[in-house]
Protein chains: 2
Amino acid sequence: MARKLNVAIVGATGVVGSIMRRLIAEERGNWGEVRLIASARSAGKILSVGDENLEVQAISAEAFDGIDIAHFDLPDEVSAEWVPVAAAKGVVVIDKSAHYRMDPDVPLVVREANPGEARNRPKGIIANANCTTLALIPSLAALNAEFGLVSMSVASYQAASGSGKEGLEALYAQLQKIAGIDGLGTAGNDVRMVLGEEFNAPFGAPLALNVVPKIGGWKDDGWTSEELKVRNESRKILGLPDLKVASTCVRVPVAVGHSQVVHATFEREVTVAEAHRVLAAAEGVDLVDDPANMVFPMPIDSAGKGGTQVGRIRQSLDFPNSLEFFVVGDNLMKGAALNSIETADLVRRELEAEA
Amino acid sequence: MARKLNVAIVGATGVVGSIMRRLIAEERGNWGEVRLIASARSAGKILSVGDENLEVQAISAEAFDGIDIAHFDLPDEVSAEWVPVAAAKGVVVIDKSAHYRMDPDVPLVVREANPGEARNRPKGIIANANCTTLALIPSLAALNAEFGLVSMSVASYQAASGSGKEGLEALYAQLQKIAGIDGLGTAGNDVRMVLGEEFNAPFGAPLALNVVPKIGGWKDDGWTSEELKVRNESRKILGLPDLKVASTCVRVPVAVGHSQVVHATFEREVTVAEAHRVLAAAEGVDLVDDPANMVFPMPIDSAGKGGTQVGRIRQSLDFPNSLEFFVVGDNLMKGAALNSIETADLVRRELEAEA
């Protein structure tokens with residue numbers, strides 16, 4: 001047998017980084033060296049991967065010596081700087097930033113939709129999709145394969161951890177401050193007044209007892225970057241460049257788990273029974289749909305799970321060939337760390353088979 | 001001038017009842033007697049209407065003697081019993097329950113959409129629509145009048161106070177219990193475990209750090225009563241019996257303010273500028289749409305307001321003649337108390353003009 005491949009986690013110190021380390025530890029036997037890389041600020045820190053305590057290395061060209069596959073989880077502009085450095089050394093990079101996702105020479109891979117694309121990486125780079133898109137794809141890919149997806153209208157309910165540690169800590173701090181104050185949000189007792197300006201970061205407004213219909217930056221014509229990602233990344237991953245998408249992205253006071261209401265229209269008629277059959281057999285999908293027994297997907301039940309949950313499936317009353325449903329995915333798992341791990345697994349098997 | 005009309009608030013003790021009393025106090029000069037009526041359990045209680053302290057009377061046929069207009073805010077089955085008793089005595093009843101809303105002989109009146117229907121009340125009963133529907137109608141009515149509404153796909157973000165005092169208290173109790181516990185909802189620290197079974201009421205699951213995609217009771221084919229109300233009541237109020245509606249209703253951990261993501265398609269092309277022009281001039285609508293300055297509707301800013309807020313208006317990228325937008329309405333104000341007050345105002349003016 002050939003040597004085991006070496007893997008790096010770049011951006012190992014964040015919320016997603018800690019899940020990356022846990023997931024790599026679970027498949028530790030598949031890898032030779034596991035290397036942790038982060039900004040110079042975190043260099044020297046000791047972090048665990050299963051039983052091993054590893055020293056974080058400062059990012060540099062040399063830090064990638066001997067690495068075969070690197071998971072990148074860095075801000076867009078930092079990925080733009082360092083991904084090419086690693087790729088130039090022959091490392092296969094799986095990048096979680098938005099920077100390369102729409103690059104025609106970079107595949108955007110989701111195992112359940114387009115696993116074959118992982119081999120088609122002229123730049124040595126594979127992109128990992130946005131967390132909201134990733135929660136949708138396993139269900140959509142399965143339904144599309146069977147019924148032909150034509151259009152979808154999507155509304156999201158996104159968790160604070162989508163903004164990382166800073167988002168989670170802001171939500172907990174706000175909840176702690178308002179806890180026990182009755183009548184908040186009613187006319188005489190104002191959430192903004194209680195929380196003050198200090199809690200406008202990082203969501204642009206308080207999130208406790210609120211929902212904030214703005215995620216990411218502002219783009220042309222009133223769209224947010226997050227809404228355009230859902231549209232453009234879904235089209236690319238599903239291989240449907242003309243897919244019609246309406247997307248509105250909203251932050252909600254949830255810790256972990258991005259939920260979405262989906263109204264989807266297909267080429268062919270779809271009954272609930274047919275959708276159940278297809279989704280029950282679909283990879284990466286947990287069918288959670290038994291209303292009479294109060295069984296439907298919710299973020300508190302999705303946290304930590306690898307699959308995406310789908311339920312509340314109904315045949316549209318007024319739209320032909322259409323379904324309504326509700327999907328939830330752990331934004332730190334399938335929405336970030338797990339999808340990157342699954343893509344690395346495709347690449348690892350390919351490289352091992354070639355060796 | 002003729003005598004002033006007498007008004008009753010039936011169900012005066014709840015969350016909505018307290019807002020009814022405040023709103024009636026604000027227009028106290030329009031009315032002769034104001035009478036508070038509730039179940040026998042609350043009879044004898046003293047409640048204020050502005051400066052007046054009034055004794056709550058137990059509901060009975062005699063309790064309606066001399067009353068011209070009565071606002072009912074009672075559970076469906078209690079309204080079904082008592083509304084006809086009041087109507088038989090010549091009282092014009094404005095009923096907030098769901099019981100009469102779809103009765104073809106009962107108009108479902110929203111001032112901004114169909115004020116003339118208030119006169120067409122063969123049973124002496126006018127119904128007040130569901131809180132979720134009411135948040136939508138002012139914007140939809142204005143856009144429909146100008147561009148012809150053909151279809152809509154709606155996802156809701158509904159506040160705990162939609163379940164009244166019980167809902168609000170449950171949310172506050174849950175928030176108090178979880179406040180200060182970091183990492184909740186992440187894999188190792190489970191919201192369900194911390195809150196336990198006791199917090200499944202009244203939403204069917206914990207609401208803190210969660211969203212619950214089930215509001216109301218289960219109906220055929222996986223729909224909830226709330227989702228069917230949004231469809232059927234919107235059709236009736238807008239006078240569009242063939243309007244295509246897709247609705248999914250979701251409870252979120254917000255105290256007050258029902259938000260909704262709307263994808264709407266019209267007969268004619270609609271630009272954002274045209275939508276702004278129409279909505280800025282529309283009754284009952286606050287146009288809150290200046291993304292660059294972080295101005296968009298949110299529940300914490302809607303609490304206590306009479307208007308419904310609309311913003312995040314975008315022309316659909318892939319659907320002709322379509323808009324995406326976000327609406328928020330205080331579910332206790334326009335969503336309940338205020339709409340009933342506005343309908344009573346139409347009836348009062350009609351009766352005074354006849355006198």
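Okay, let me start with one residue, A:Ile9. If you skip the neighbours within four places in sequence, A:Ile9 is in contact with A:Met20, A:Arg21, A:Ile24, A:Arg35, A:Leu36, A:Ile37 and A:His71. Before I go on, a reminder that what you're looking at is a predicted model.

So where is A:Ile9? You'll find A:Ile9 in strand β1 of chain A, which covers residues 5-10. A:Ile9 has a relative accessible area of 2%, so it counts as buried. And take one of those contacts, A:Leu36: A:Ile9 and A:Leu36 are 27 residues apart along the chain, yet their C-alpha atoms are separated by 5.0 Å.

Let's stay in chain A and look at some charged pairs. How many salt bridges does the structure hold over all chains? The count is 48. Here's one to find on your screen: A:Arg28 with A:Glu52, where the closest N and O atoms are 2.5 Å apart. A:Arg28 sits in the loop between α1 (15-26) and β2 (31-38) of chain A, and A:Glu52 sits in strand β4 (residues 52-55), so this pair ties together parts that are 24 residues apart in sequence. Are those two buried or exposed? Well, in between: A:Arg28 has 22% relative accessibility, so it goes down as partly exposed, and A:Glu52, with 28%, is also partly exposed.

Now move to A:Glu112 and A:Arg111. Their side chains form a salt bridge as well, at 3.3 Å from N to O. On this pair the two partners get separate labels: A:Glu112 is buried, at a relative accessible area of 14%, whereas A:Arg111 is partly exposed, at 26%.

Next, a bridge that involves both chains. A:Arg231 pairs with B:Asp318, and the closest N and O atoms there are 2.8 Å apart. This one crosses between chains: A:Arg231 belongs to helix α6 (residues 225-238) of chain A, and B:Asp318 to the loop between β13 (308-315) and β14 (322-329) of chain B. Both A:Arg231 and B:Asp318 are buried. While we're on salt bridges, there is also a network made by bridges that share partners, and it joins A:Arg111, A:Glu112, A:Glu283, A:Lys334 and A:Glu342. You've already met A:Arg111 and A:Glu112 as a pair.

That crossing bridge brings us to the interface. How many residues of each chain take part? It's 78 residues of chain A in contact with 78 residues of chain B. People often give the size of an interface as the accessible area lost when the parts come together. For chain A and chain B the buried area is about 6200 Å², and carbon and sulfur atoms give 67% of that. On the chain A side, the residues that lose the most area to chain B are A:Tyr172, A:Ile300 and A:Asp318, and together they make up 11% of what that side buries.

What about polar links across the interface? The rule finds 10 salt bridges between chain A and chain B. One to zoom in on is A:Glu227 with B:Arg312, whose side chains meet at 2.7 Å, N to O. There are also 26 residue pairs in polar contact between the two chains. Which element of chain A gives the most to the side that touches chain B? That's strand β9 (residues 149-157), with six residues. And by type, that side of chain A divides into 44 nonpolar, 19 polar and 15 charged residues.

Let me hop over to chain B for a moment, to B:Ser247. B:Ser247 is in strand β10 of chain B, residues 244-248. With 3% relative accessibility, B:Ser247 counts as buried. Leaving out neighbours within four places in sequence, B:Ser247 is in contact with B:Val154, B:Trp223, B:Glu227 and B:Val230, and also with A:Arg314 from the other chain.

Last topic: cysteines. How many disulfides are there over all chains? Zero, by this rule. Why does A:Cys131 have no bond to A:Cys249? A:Cys249 holds the closest cysteine sulfur, but that sulfur is 8.9 Å from the one in A:Cys131, which is too far for a bond. Chain B tells a similar story: the sulfur of B:Cys131 is 9.0 Å from its closest cysteine sulfur, in B:Cys249, again too far for a bond. As for accessibility, A:Cys131 is buried at 17%, and B:Cys131 is buried at 17%.

That's my tour, thanks for listening.

Terms used:
Residues are numbered from 1 along each chain as its sequence is written. Chains are lettered from A and ligands numbered from 1 in the order in which they are written. This is a predicted model: local features need pLDDT of at least 70, side-chain atom pairs count only at pLDDT 80 or more; totals for chains, interfaces and linings use all residues. Side-chain values use heavy atoms; hydrogens and water are left out. Contact means heavy atoms within 4.5 Å. Buried area is the accessible area (1.4 Å probe) that two parts lose on being put together, summed over both. A salt bridge is a side-chain nitrogen of Lys or Arg within 4 Å of a carboxyl oxygen of Asp or Glu. A polar contact is a pair of N or O atoms within 3.5 Å; within protein, one must be able to donate a hydrogen and the other to accept it, and residues adjacent in sequence count only if both atoms are side-chain atoms. Helices (H or I, at least four residues) and strands (E, at least two) are DSSP runs, numbered from the N terminus. Ala, Val, Leu, Ile, Met, Phe, Trp, Tyr, Cys and Pro count as nonpolar, Asp, Glu, Lys and Arg as charged, and the others, Gly among them, as polar. A disulfide is a pair of cysteine sulfur atoms within 2.5 Å. Buried means under 20% relative accessible area, exposed over 50%, partly exposed in between (1.4 Å probe, protein chains only).
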